[in-house]
Amino acid sequence: MITGYISEFGEVIVPIDIFDQRGRLRRVEAIVDTGLDYFMALPARLVQSLGNGLDR
């Protein structure tokens, strides 16, 4: 079961685990998209901190 919370703006927030380019696990908070479009959007700063995987 996933446990999250409701933000002050009424958004459902849940923790998700993602891996950076070195395989390190990172836990971030995600807003649940009730539109269910099968995509995940990440803030640019988070993407940069994960690395792009192109330097392997």
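**Notebook: contacts, patch, pocket and salt bridges**

I began at the N-terminal end and looked up I2, which, once residues up to four places away in sequence are set aside, touches V14 and P15, a contact being heavy atoms within 4.5 Å. The model I am reading is predicted, so I note that local features need pLDDT of at least 70, that side-chain atom pairs count only at pLDDT 80 or more, and that totals for chains, interfaces and linings use all residues. Residues are numbered from 1 along each chain as its sequence is written, and side-chain values use heavy atoms, with hydrogens and water left out.

**I2**

I placed I2 in the segment before β1, where strands (E, at least two residues) and helices (H or I, at least four) are DSSP runs numbered from the N terminus. I2 and V14 are 12 residues apart in sequence, and I read 7.1 Å between their C-alpha atoms. I then checked the cover over I2 and found the residue exposed, with a relative accessible area of 63%; exposed means over 50%, buried under 20%, and partly exposed in between, with a 1.4 Å probe and protein chains only.

**Nonpolar patch**

Which residues make the nonpolar surface patch? I found I6, V12 and V32, with an area of about 250 Å². Patches are made of residues with over 30% relative accessible area and no salt bridge, like charges being joined within 9 Å and nonpolar side chains (Val, Leu, Ile, Met, Phe, Trp, Tyr) within 5 Å. The accessible areas come from the Shrake-Rupley method with a 1.4 Å probe, and for residues only the protein chains shown count as cover.

I looked at two members of the patch in turn. I6 sits in strand β1 (residues 5-6) and is exposed at 58% relative accessible area, while V32 lies in the loop between β3 (25-31) and α1 (44-50) and is partly exposed at 40%. Leaving aside neighbours within four places in sequence, I6 is in contact with E11 and V12. I also took the distance from I6 to F19, 13 residues apart along the chain, and their C-alpha atoms are separated by 25 Å.

**Largest pocket**

I next turned to the largest pocket, which has a volume of about 360 Å³. Of the 16 residues that line the largest pocket, A30, I31, D33, M40 and A41 are the closest to its centre. On a 1 Å grid over the protein atoms alone, a pocket is an open set of points with protein on both sides within 12 Å along at least five of seven lines, and lining residues have an atom within 4 Å of a point. Grid points are joined across faces, edges and corners, and the volume is the space filled by probe spheres set on the points.

Which strand gives the most to the lining? I found that β3 does, with 4 residues, and that β2 (12-19) and β3 each supply at least two.

I followed A30 further, since A30 is buried, with a relative accessible area of 18%. A30 has its place in strand β3 and, leaving aside neighbours within four places in sequence, is in contact with V12, I13, V14 and I16. A30 and L42 are 12 residues apart in sequence and 8.7 Å apart in space, C-alpha to C-alpha.

**Salt bridges**

How many salt bridges are there? I counted 2, a salt bridge being a side-chain nitrogen of Lys or Arg within 4 Å of a carboxyl oxygen of Asp or Glu.

R27 forms one with D17, the closest N and O atoms being 2.8 Å apart. This pair links distant parts of the chain, with R27 in strand β3 and D17 in strand β2, 10 residues apart. I noted that R27 counts as exposed at 59% relative accessibility, whereas D17 is partly exposed at 38%.

R24 and D20 also meet through their side chains in a salt bridge, at 2.6 Å from N to O. Here I found R24 partly exposed, with a relative accessible area of 46%, but D20 buried at 7%. R24 is found in the loop between β2 and β3 and, not counting residues up to four places away in sequence, touches I18 and F19. Finally, I took R24 against E8, 16 residues apart along the chain, and their C-alpha atoms are separated by 31 Å.

Technical notes. 1 Å grid on protein atoms, 1.4 Å probe; cavity = no way out; pocket = protein on both sides within 12 Å on 5 of 7 lines; lining within 4 Å.
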